[in-house]
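Please find below a colleague's note, set out as numbered points for a first-year reader. The structure should be kept in view while the points are read.

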Amino acid sequence: MAKDEKGKKNTSSSTYEQKMKIIPAILVAWGVSLSLAYVSFYYIPWPIPASLSLTVRLAYTIRHLFFAALTVFAGVIVVANTRFMTAAINPLMKSAQDSVEVHQRYLQNTLEQFAIFSALLLSNATYMNQEHIAIIPTFTLLFIVGRVLFWIGYSISWDKRGFGMSINFMVVLCLIIHGVSLFLTNGIEAF
């Protein structure tokens, strides 16, 4: 690693190397998630409601969000259990925070991702018709897979979390693109 005139590590070089280490995982995650989305959307016979009124579409989406919310609940349980079983039971004790830090960061990030995912999925559901409704279980499944892989990766090493995070980013990006395209083609008052 390069050092400057005072003998300190050159962090810009190591930061660049760290970023370059993560990029292949991100690219693979996008390929895997797009493949999973395709297979899930076209080949898994998701149960689709017969009637697709606005109320039914929103209820269908909320029922799927229940399963996505389990990723948040799992984080709460693990953080609470870790705190209870270690010296981190006192959240103000800085020296004990290492045992709970990864789980706490997972929980915080999952709460943030869940809020964005829920808003996007619900808003997309207001426009969906019979041919698009399978997006809801497909993206819910991908969200859950992404969160689990993020947590596992983060538990191994900070640089292993990119795979799961990339899956969630792809889901959010696809929902944004889908939502904008539906809005532009149908307008704000379409149900």
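1. In this predicted model, F139 is a useful residue with which to begin. Once neighbours within four places in sequence are set aside, F139 is in contact with A37, F117, V171, C174 and L175.

2. F139 also belongs to a wider group. It is among the residues with the most contacts inside the largest nonpolar core, together with F117, I136, L142, V171 and L175. That core has 29 residues. Two or more residues are given to it by each of α1 (11-43), α2 (54-85), α3, α4 and α5 (162-186). The largest share, 7 residues, comes from α3. As general background, nonpolar side chains in soluble globular proteins tend to be buried together.

3. The overall plan of the protein chain may be stated next. There are 5 helices and 0 strands, and the pattern read along the sequence is α-α-α-α-α. Among contacts between residues at least 6 apart in sequence, 74% join residues that are at least 24 apart.

4. The dimensions of the chain deserve a remark. The radius of gyration is 20 Å, whereas a compact globule of 191 residues would have a value near 16 Å. Taken along the principal axes, the box filled by the C-alpha atoms is roughly 65 × 40 × 30 Å. Of the 191 residues, 36% are buried. The chain exposes about 11300 Å², and carbon and sulfur atoms supply 69% of this area.

5. Helix α2 should be examined for both its length and its line. Its 32 residues should span 46 Å at 1.5 Å a residue, and its end C-alpha atoms are indeed 46 Å apart, so the expected and computed spans agree. The helix nevertheless contains a kink of about 30°, centred on F67.

6. Which residues of α2 are buried? They are R57, Y60, T61, H64, L65, A68, T71, V72, G75, V79, T82 and R83. The student may note that R57 and R83 are on this list alongside L65 and V72. What covers the buried residues of α2 includes α3 and α4.

7. Helix α5 can be treated in the same manner. It has 25 residues and reaches 35 Å from its first C-alpha to its last, which is close to the 36 Å expected at 1.5 Å a residue. Its buried residues include G162, G164, S166, I167, N168 and M170, and also V171, V172, L175, H178, G179 and L182. After α5 comes G187, whose phi is positive, near 85°.

8. Two residues of α4 may be considered in relation to residues of α5. V145 lies in helix α4, and it counts as partly exposed because its relative accessible area is 28%, between the limits of 20% and 50%. Its C-alpha is 8.0 Å from that of I167, which is 22 residues away in sequence. L149 is likewise found in helix α4 and is partly exposed, at 30% relative accessibility. The C-alpha atoms of L149 and N168 are 10.0 Å apart, with their positions 19 residues apart in sequence. Apart from neighbours within four places in sequence, L149 is in contact with F163, G164 and I167.

9. A further pair links positions that are far apart along the chain. I23 lies in helix α1, and its relative accessible area of 35% makes it partly exposed. I23 and G162 are 139 residues apart in sequence, yet their C-alpha atoms are 8.3 Å apart in space. G162 is itself one of the buried residues of α5.

10. The final point concerns a loop residue. Where does H132 lie? It is in the loop between α3 (98-125) and α4 (135-156). Is H132 buried or partly exposed? It counts as partly exposed, since its relative accessibility is 22% and the term buried requires a value under 20%. Not counting residues up to four places away in sequence, H132 touches F41 and H178. Of these two partners, H178 is listed among the buried residues of α5. The C-alpha atoms of H132 and P49 are separated by 12 Å, and these residues are 83 apart along the chain.

Definitions and conventions: Residues are numbered from 1 along each chain as its sequence is written. This is a predicted model: local features need pLDDT of at least 70, side-chain atom pairs count only at pLDDT 80 or more; totals for chains, interfaces and linings use all residues. Side-chain values use heavy atoms; hydrogens and water are left out. Helices (H or I, at least four residues) and strands (E, at least two) are DSSP runs, numbered from the N terminus. Buried means under 20% relative accessible area, exposed over 50%, partly exposed in between (1.4 Å probe, protein chains only). Contact means heavy atoms within 4.5 Å. A nonpolar core is a set of buried Ala, Val, Leu, Ile, Met, Phe, Trp, Tyr and Cys residues joined through side-chain atoms within 4.5 Å. The expected span of a helix is 1.5 Å times one less than its number of residues. The bend at a residue is the angle between axes fitted to the seven residues ending there and the seven starting there. The radius of gyration is taken over C-alpha atoms; the globule rule is 2.2 Å times the number of residues to the power 0.38. Accessible areas come from the Shrake-Rupley method with a 1.4 Å probe; for residues, only the protein chains shown count as cover.
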